[in-house]
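Trainee: I would like to practise reading features from a structure. Could we take them one at a time, with the general idea before the case?

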Amino acid sequence: MKNDFSTNSVFLQGRVGSSVEYSHDLYGERFYEFKLNVPRLSEHLDVIPITAAENLVDSLKEGDYISITGQFRSFNRPEGERSRLILSVFAREISQPQPDSNPNTAELIGYICKPPIYRTTPFNREICDVLLAVNRAYAKSDYIPCIAWGKNARLIKNAQVGQKLDVTGRIQSRQYTKRLDDGNTELRTAYEFSIGTAEFMQKESEVASTSDD
C-alpha cells in the first residue's frame with residue numbers, strides 16, 4: 001500500500017448504509033458524509049463513517065455497492081467545555097467494487113503519543129490500546145486509536161511515547177455504553193484501527209546518525 005498515502009492508506013468495500021448528507025464547506029468545496037457497511041469474515045458488519053467531496057458522491061445512493069480508497073482521519077469536535085475525537089475515512093476515490101479483494105485493509109505509520117494500555121480479558125486474551133499520531137500535509141496530524149491482540153499486544157505494551165510504528169490491519173466499529181455527567185447512559189459507536197501486523201521503525205534522525213558511524 002505504498003503510494004501517495006505513504007503514512008495513511010485505507011481500502012474499503014461495502015454497501016452505502018445511510019443517506020448521503022451535507023457535512024461542511026472547505027476552501028469553497030462542499031463535503032458530504034455517509035456510512036459504509038463493510039462485511040467481516042463473520043456475519044458482523046463494520047459501519048464506517050465516510051467523508052467525501054461533492055464530485056465523488058453526485059450519483060451515490062443508499063444501497064450502492066462501492067469501493068473506497070482514502071485515509072483514516074480525526075478531528076476534535078467541541079462538546080460543551082470538552083472536545084470529542086471524531087474519526088472518519090476521508091475518501092480520495094470512489095469506484096466500482098473489486099471482485100475477490102479484501103474489503104477492509106489499511107496501513108498507518110505514526111508515532112506513539114500516549115503510554116500504551118495493556119490488559120487481559122477474563123479469558124486471558126491479551127489486548128493493548130495505543131494512540132498513534134499520523135502526520136499528513138500542512139503540518140497536521142491525525143490521532144488514531146489502535147487496538148492490538150496477542151503477540152502484537154505484547155510487542156507494543158512497553159513501547160515508549162515517541163516511538164515510530166508501522167501497522168497494517170483494518171478499521172472496525174463497536175458499540176459501547178457511555179455514562180453521562182447527569183447520570184444517564186447513552187449508546188455510542190467507537191471506531192478504531194485493529195492491528196494485524198506491527199513493526200517498530202527508526203526515526204529519520206536515528207537512521208542518519210547510524211549511517212554517520
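Trainee: Which side chains meet in a salt bridge at 3.2 Å, N to O?

Mentor: The general idea is a distance test: a side-chain nitrogen of Lys or Arg within 4 Å of a carboxyl oxygen of Asp or Glu. In this predicted model, the side chains of Lys61 and Asp64 pass that test at 3.2 Å, N to O.

Trainee: Is Asp64 buried or exposed?

Mentor: Asp64 counts as buried because its relative accessible area is 17%, and buried means under 20%. Its partner Lys61 is exposed, with a relative accessible area of 51%.

Trainee: Where is Asp64 found, and what does its side chain reach at 3.0 Å?

Mentor: Asp64 is in the loop between strand 4 and strand 5. Its side chain reaches the backbone nitrogen of Lys61 at 3.0 Å. Taken together, Asp64 has a salt bridge to the side chain of Lys61 and a contact with the backbone nitrogen of Lys61.

Trainee: How many salt bridges does a search of the whole structure find?

Mentor: The search finds eight salt bridges. One of them joins Arg119 and Asp129, with the closest N and O atoms 2.3 Å apart. This pair links distant parts of the chain: Arg119 is in strand 8 (residues 117-120) and Asp129 in strand 9 (residues 126-136), ten residues apart.

Trainee: How do I class the accessibility of Arg119 and of Asp129?

Mentor: Between the limits for buried and exposed, a residue is called partly exposed. Arg119 falls there at 36% relative accessibility, and Asp129 does at 25%.

Trainee: Which residue forms a salt bridge with Arg174?

Mentor: Glu192 does, and the closest N and O atoms are 3.0 Å apart. Here too the pair links distant parts of the chain, with Glu192 in strand 12 (residues 185-201) and Arg174 in strand 11 (residues 164-179), 18 residues apart. Glu192 is buried at 6% relative accessibility, while Arg174 is partly exposed at 40%. Elsewhere, salt bridges that share partners join Arg40, Asp46 and Arg170 into one network.

Trainee: What about charges without such a partner: which residues gather in a patch of negative charge on the surface?

Mentor: A patch takes in residues with over 30% relative accessible area and no salt bridge, like charges being joined within 9 Å. Asp25, Glu29, Glu54 and Asp58 make up the negative patch here. Asp58 sits in the loop between strand 4 (45-53) and strand 5 (65-79). With a relative accessible area of 65%, Asp58 is exposed.

Trainee: Strand 5 has come up twice. Is Ser74 in strand 5 buried or exposed?

Mentor: Ser74, which lies in strand 5, is buried at 9% relative accessibility. A polar atom of the Ser74 side chain lies 2.8 Å from the backbone nitrogen of Tyr143.

Trainee: Now the backbone. Why is a positive phi in a residue other than glycine worth listing?

Mentor: Most residues other than glycine have a negative phi, so a positive value departs from what most of them show. In this model, Tyr27 has a phi near 50 degrees. Tyr27 lies in the loop between strand 2 (21-26) and strand 3 (29-39) and is exposed at 80% relative accessibility. Asp100 has a phi near 70 degrees. Asp100 is found in the loop between strand 6 and strand 7 (104-112), and is exposed with a relative accessible area of 86%.

Trainee: Last, sequence separation against distance. How many residues apart along the chain are Gly17 and Pro49?

Mentor: Separation along the chain and separation in space are two readings to put side by side. Gly17 and Pro49 are 32 residues apart along the chain, and their C-alpha atoms are separated by 9.7 Å. Gly17 is in the loop between strand 1 (8-16) and strand 2, and is partly exposed with a relative accessible area of 29%.

Trainee: And what is the distance in space between Gly80 and Leu36?

Mentor: That pair is 29 Å apart, C-alpha to C-alpha, with the two positions 44 residues apart in sequence numbering. Gly80 lies in the loop between strand 5 and strand 6 (82-95). At a relative accessible area of 76%, Gly80 is exposed.

Key. Residues are numbered from 1 along each chain as its sequence is written. Side-chain values use heavy atoms; hydrogens and water are left out. Patches are made of residues with over 30% relative accessible area and no salt bridge: like charges are joined within 9 Å, nonpolar side chains (Val, Leu, Ile, Met, Phe, Trp, Tyr) within 5 Å. Accessible areas come from the Shrake-Rupley method with a 1.4 Å probe; for residues, only the protein chains shown count as cover. Lys and Arg count as positive and Asp and Glu as negative; His and the chain ends are not counted. The place of a charge is taken as NZ of Lys, CZ of Arg, CG of Asp or CD of Glu. Helices (H or I, at least four residues) and strands (E, at least two) are DSSP runs, numbered from the N terminus. Buried means under 20% relative accessible area, exposed over 50%, partly exposed in between (1.4 Å probe, protein chains only). A polar contact is a pair of N or O atoms within 3.5 Å; within protein, one must be able to donate a hydrogen and the other to accept it, and residues adjacent in sequence count only if both atoms are side-chain atoms.
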